[in-house]
Amino acid sequence: MNILITGHAGFIGTHLTKKLINNGHNVRGLDNYSASKKLNLKQLKEIKGDIKNQKTVEKAAEGCDIIFHLAAQSSVPKSTKNIDEDFQTNTKGTLNILKTAIKKDIEIINTSTSTVYGPTNKTPTPENEPLKPISPYGASKASAEMYCNALHNTHNLNIKTLRLYNVYGPKNKKGVMWDFFNKLTKNPNKLKILGTGKQEKDYIYIKDTIDAFIKTWKNGEPGETYNVGTGKTLTVNQIAKKITDLMNINPKYTYTGGKSWKGDIEKTQADTTKLRQIGWKPQTTANQGIKKTYNWYQKTQNTSQTN
Ligand SMILES: NC(=O)c1ccc[n+]([C@@H]2O[C@H](COP(=O)([O-])OP(=O)(O)OC[C@H]3O[C@@H](n4cnc5c(N)ncnc54)[C@H](O)[C@@H]3O)[C@@H](O)[C@H]2O)c1
């Protein structure tokens, strides 16, 4: 298959790109590298360009059978600081991808987020729960989803959407684990935790996330949306304990208290029934995943490896 991955050089995109190349596909990537660097893989055609530009998207998608759309402004805090940029990239940029796919009859896998639900009382959360985002990022991703569903209906767009929970693993240079690894490497005696430490979220390992992309592509129903999480939760305090155990240290914890950041959702947990029905199951336990992530982090420290 000829495949275009938008945002191929980001955390999840890098893993997906490698997986699809290994599976024998012709892969090209479109990224403006605003949050990443070129991958420089021999088997990959890398296009530097912005999804906000319709012509760029059309050119990049020429001759493709499928687009995995991952490019996004992916940070909740940044979305509160630059609302326009977040909207232009996540909503308008996605609309450019959808229009291109309609024009050229290309299938799409769209990447959304659990953030679209907002602080729901219903956990585990099924996909048909109303969307009540409380951050610009949640709103721009939810709006993008609305266009996916609308154009599936009016233009027969062949699209499937994944709502990812907190994805973690090697190459992720953001989020709570990256924050803790860095702080504890600098000073193993204390750890400053954002918020109360009681935030409770569904953390899904990168390999299981990539499997969800592949399973949805192969077995999913056009027009459908699938949660991607473990269905289990970890508190931030539990993550801190697992990491400090791995590092064999016993730091003093301090808390900033309140919310970790504006727009944060303090409890997330996926109902993954739909994804399991199409043959997916997470394979990695939290202990295994966090250990692998820490091993990668240590390597980056020893070799000042950037990717
Ligand atoms: N990582 C997670 O836990 C998580 C959770 C839920 C949803 N998601 C979604 O998954 C997708 C991938 O996330 P990630 O963690 O790999 O993010 P990331 O920030 O690491 O990667 C996003 C990539 O998109 C590129 N990009 C940004 N704006 C662009 C533009 N205008 N044109 C072209 N490229 C652009 C960036 O340079 C980057 O390489 C995103 O859509 C994100 O919203 C991620």
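Me: In which strand does Leu164 lie?
Reply: In this predicted model, Leu164 has a relative accessible area of 5%, and because buried means under 20%, the residue counts as buried. Its C-alpha is 26 Å from that of Leu41, a residue 123 positions away in sequence. The element that holds Leu164 is strand 6.

Me: Which residue of strand 4 is the bridge partner of Ile5?
Reply: Strand 1, made of residues 2–6, runs parallel to strand 4, and 4 bridges join the two. Strand 4 itself covers residues 66–69, with Ile66 and Phe68 pointing one way and Ile67 and His69 the other way. Within this pairing, the partner of Ile5 is Phe68.

Me: Are the residues Ile66, Ile67, Phe68 and His69 buried or exposed?
Reply: These residues belong to strand 4, which is joined by 4 bridges to strand 1 and by 4 bridges to strand 5, with a parallel course in each case. Although Ile66 and Phe68 point one way and Ile67 and His69 the other way, all of them are buried.

Me: What is the bridge partner of Ile66 in strand 5?
Reply: Strand 5 spans residues 107–113 and runs parallel to strand 4, to which 4 bridges join it. The residue of strand 5 that serves as the bridge partner of Ile66 is Glu107.

Me: Which residue forms a salt bridge with Glu107?
Reply: Glu107 is buried at 17% relative accessibility, and its salt-bridge partner is buried as well, with a relative accessible area of 4%. The closest N and O atoms of the pair are 3.4 Å apart. The partner lies in strand 6 (residues 159–164) and Glu107 in strand 5, so the contact ties together parts that are 53 residues apart in sequence. The residue asked for is Lys160.

Me: How many residues apart in sequence are the parts that Lys103 and Glu58 tie together?
Reply: Lys103 forms a salt bridge with Glu58, and their closest N and O atoms are 3.0 Å apart. Lys103 lies in helix 4 and Glu58 in helix 2, so the pair ties together parts whose separation in sequence, in residues, is 45.

Me: Is Glu58 buried or exposed?
Reply: Its salt-bridge partner is Lys103, which counts as exposed at 59% relative accessibility. For Glu58 the relative accessibility is 16%, and because the limit for the lower class is under 20%, Glu58 counts as buried.

Me: Which residues do salt bridges that share partners join into one network with Lys52?
Reply: Lys52 forms a salt bridge with Glu85, the closest N and O atoms being 3.1 Å apart. This pair links distant parts of the chain, with Lys52 in the loop between strand 3 and helix 2 and Glu85 in helix 4, 33 residues apart. Both are partly exposed, Lys52 with a relative accessible area of 28% and Glu85 at 33%. The residues joined with Lys52 into the network are Asp50 and Glu85.

Me: How many salt bridges does the structure hold?
Reply: Side chains of opposite charge can pair when their charged atoms come close. The pairs include Lys52 with Glu85, Lys103 with Glu58 and Lys160 with Glu107. The total number of salt bridges is 11.

Me: Which residue of the surface patch formed by Lys78, Lys81, Lys174 and Lys262 is found in helix 3?
Reply: These four lysines gather on the surface in a patch of positive charge. Helix 3 covers residues 76–81, and the lysine in question counts as exposed at 71% relative accessibility. The residue found in this helix is Lys81.

Notes
Residues are numbered from 1 along each chain as its sequence is written. This is a predicted model: local features need pLDDT of at least 70, side-chain atom pairs count only at pLDDT 80 or more; totals for chains, interfaces and linings use all residues. Side-chain values use heavy atoms; hydrogens and water are left out. Buried means under 20% relative accessible area, exposed over 50%, partly exposed in between (1.4 Å probe, protein chains only). Two strands pair if DSSP finds at least two bridges between them. Patches are made of residues with over 30% relative accessible area and no salt bridge: like charges are joined within 9 Å, nonpolar side chains (Val, Leu, Ile, Met, Phe, Trp, Tyr) within 5 Å. Accessible areas come from the Shrake-Rupley method with a 1.4 Å probe; for residues, only the protein chains shown count as cover. A salt bridge is a side-chain nitrogen of Lys or Arg within 4 Å of a carboxyl oxygen of Asp or Glu. Lys and Arg count as positive and Asp and Glu as negative; His and the chain ends are not counted. The place of a charge is taken as NZ of Lys, CZ of Arg, CG of Asp or CD of Glu.
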